[in-house]
Amino acid sequence: MESCRILRTVVLTLLPFALMILFISCPMFAPQNMELPPAMQERFSMLLLPNWLYIVVRVALLFIPIIGMGVLGVIAWRNDFPRWSFPLIGAIIYGILFAAGNLIISGITFTGAGIAAVAAAAIMLVGILSKFSLKPLSSIASRIKEDPWLILFAFYFFIAMVFATLPSREVDSWSAVIAAVAITGVFSWGWCYFLTNPDKSRRGVILLLSLSAVLIISMFF
């Protein structure tokens, strides 16, 4: 029963971050491509998938993760920042650096990302005000003191996002889509391993290996 609860927590907290990684790294869902290019339209028509469905998926992959992170932020604040919530720190920093106007690295305009970010910020603000206390902030320091690898985990999502957006891929390249799925899979594996393995040193090594794999896939595939 306890293992099922832990697994459920790990998966549910992972989903917003993994979806955002997939959205950012997959050229098929690149923000500047509101419509599929001709080559991709032809392939989608063969699968009987209308172009509007692609647009719906693209918008969902942007809004759902950001709103989800806002909800997780509220839950984290009200529960004194458990370990799974530390990547929210990197997500906030990423948002400050790249979403205040334009997400320069990924090319997302403020129109979409900004609306979602404002909504997520509003959700977090309501949650914080409903339980205003400095205890959650002090718990961050105490948890890091117990496990210094949480510092790397806090920036795990941030670093993966930067690595995933380094290359410039062709939109109609299926190999690039496969690479995006691989990046998301490696990121998810590192996340799940870190939150489920009791060995602190091994957890940290796996995070480093996961980020290295994300960088290699981004640059060479």
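1. Is Phe81 buried or exposed? Phe81 is buried, at a relative accessible area of 11%. This value, like the others in this note, was computed on a predicted model.

2. Overall make-up. The chain contains 10 helices and 2 strands. Read from the N terminus, the order of elements is α-α-α-α-β-β-α-α-α-α-α-α. The chain has 221 residues, and 45% of them count as buried. Its exposed area is about 11300 Å², with carbon and sulfur atoms supplying 74%.

3. Contact range. Taking contacts between residues at least 6 apart in sequence, 79% join residues that are at least 24 apart.

4. Aromatic pairs. Searching the whole structure gives 12 aromatic pairs. One of them is Phe17 with Phe157: the ring centres lie 5.1 Å apart and the planes meet at 80°, so this pair is edge-to-face, given that plane angles over 60 degrees count as such. Phe17 belongs to helix α1 (residues 2-25) and Phe157 to helix α8 (residues 156-164), so the pair ties together parts 140 residues apart in sequence. Phe17 is buried, with 1% relative accessibility, and Phe157 is buried too, with a relative accessible area of 2%.

5. A further pair. Trp77 and Phe81 have ring centres 5.9 Å apart and planes at 80°, so they also count as edge-to-face. The relative accessible area of Trp77 is 8%, and that of Phe81 is 11%. Both values fall under the 20% cut-off, so Trp77 and Phe81 are buried.

6. The aromatic cluster. Phe17 and Phe157 belong to one aromatic cluster, together with Phe153, Tyr156, Phe187, Trp191 and Phe194. Of these members, Phe194 also has a charged neighbour: Arg203 lies over the face of its ring, 5.0 Å from the ring centre.

7. Asp147. Where is Asp147 placed? Asp147 is in the loop between α6 (135-146) and α7 (149-154). Its relative accessibility is 4%, so Asp147 counts as buried. Leaving aside residues up to four places away in sequence, Asp147 touches Phe194, Lys200 and Arg203. Two of these partners appear in the previous point, where Arg203 lies over the face of Phe194.

8. Points to check in the viewer. For the aromatic cluster, start from Phe17 and Phe157, then go on to Phe194 with Arg203 over its ring face. From there, Asp147 can be found through its contacts with Phe194 and Arg203. The Trp77 and Phe81 pair can be viewed separately, as an edge-to-face case with planes at 80°.

Technical notes. Residues are numbered from 1 along each chain as its sequence is written. This is a predicted model: local features need pLDDT of at least 70, side-chain atom pairs count only at pLDDT 80 or more; totals for chains, interfaces and linings use all residues. Side-chain values use heavy atoms; hydrogens and water are left out. Rings of Phe, Tyr and Trp (its six-membered ring) pair if their centres lie within 6.5 Å; planes under 30 degrees apart count as stacked, over 60 as edge-to-face and the rest as tilted. Helices (H or I, at least four residues) and strands (E, at least two) are DSSP runs, numbered from the N terminus. Buried means under 20% relative accessible area, exposed over 50%, partly exposed in between (1.4 Å probe, protein chains only). A charge sits over a ring if NZ of Lys or CZ of Arg is within 6 Å of the ring centre and within 35 degrees of the ring normal. Contact means heavy atoms within 4.5 Å. Accessible areas come from the Shrake-Rupley method with a 1.4 Å probe; for residues, only the protein chains shown count as cover.
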